[in-house]
Amino acid sequence: MNSSYYKYCIVPQCKSTTIKTPNKLFIYVPNNEQIRKKWLKLARRDDVHSLSRNSRIYFCADHFDISITITDSSVLYHQK
Ligand SMILES: [Zn+2]
């Protein structure tokens with residue numbers, strides 16, 4: 001098992017991880033501070049500052065119906 005492959009969804013109450021839900025798509029939150037802030041706000045993570053700026057954080061695909069306001073070209077998932 002390669003632990004560096006492990007991903008989990010940072011959205012509160014979401015239990016998706018690559019172990020529990022291996023078939024779920026995990027979207028890497030860009031390292032760009034502006035974008036990251038925007039995404040975390042959508043996820044209602046008020047504790048943004050507790051996340052290291054360089055940490056790898058992910059959303060699972062479940063949330064991409066609420067996140068279509070994200071217009072950053074790389075991601076436009078319309079699941080559901
Ligand atoms: Zn999730």
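What percentage of the 80 residues in the protein is buried? I looked that up first and got 18%, counting a residue as buried if 20 or more other C-beta atoms, placed from the backbone, lie within 10 Å of its own.

A note on what I'm reading: this is a predicted model, where local features need pLDDT of at least 70, side-chain atom pairs count only at pLDDT 80 or more, and totals for chains, interfaces and linings use all residues. Numbering starts from 1 along each chain as its sequence is written.

Next, the secondary structure. I found one helix and two strands, running β-α-β from the N terminus. Helices here are DSSP runs of H or I with at least four residues, and strands are runs of E with at least two.

Then I went for the core. The largest nonpolar core holds 11 residues, including Cys9, Val29, Trp39, Phe59 and Cys60. Elements giving two or more residues to this core are α1 (33-42) and β2 (58-60). Such a core is a set of buried Ala, Val, Leu, Ile, Met, Phe, Trp, Tyr and Cys residues joined through C-beta atoms within 7 Å.

I picked Cys60 for a closer look. Cys60 sits in strand β2 and counts as buried because 22 other C-beta atoms lie within 10 Å. Leaving out residues up to four places away in sequence, Cys60 touches Cys9, Cys14, Ser16, Lys24, Leu25 and Phe26; contact means C-beta atoms, placed from the backbone, within 7 Å. Ser16 is 44 residues from Cys60 in sequence, yet their C-alpha atoms are 6.8 Å apart.

Last entry: of the contacts in the protein with a separation of 6 or more, 57% join residues 24 or more positions apart.

Notes. A residue is buried if 20 or more other C-beta atoms lie within 10 Å of its own, exposed if 12 or fewer, and partly exposed in between; C-beta atoms are placed from the backbone. Two residues are in contact if their C-beta atoms, placed from the backbone, lie within 7 Å.
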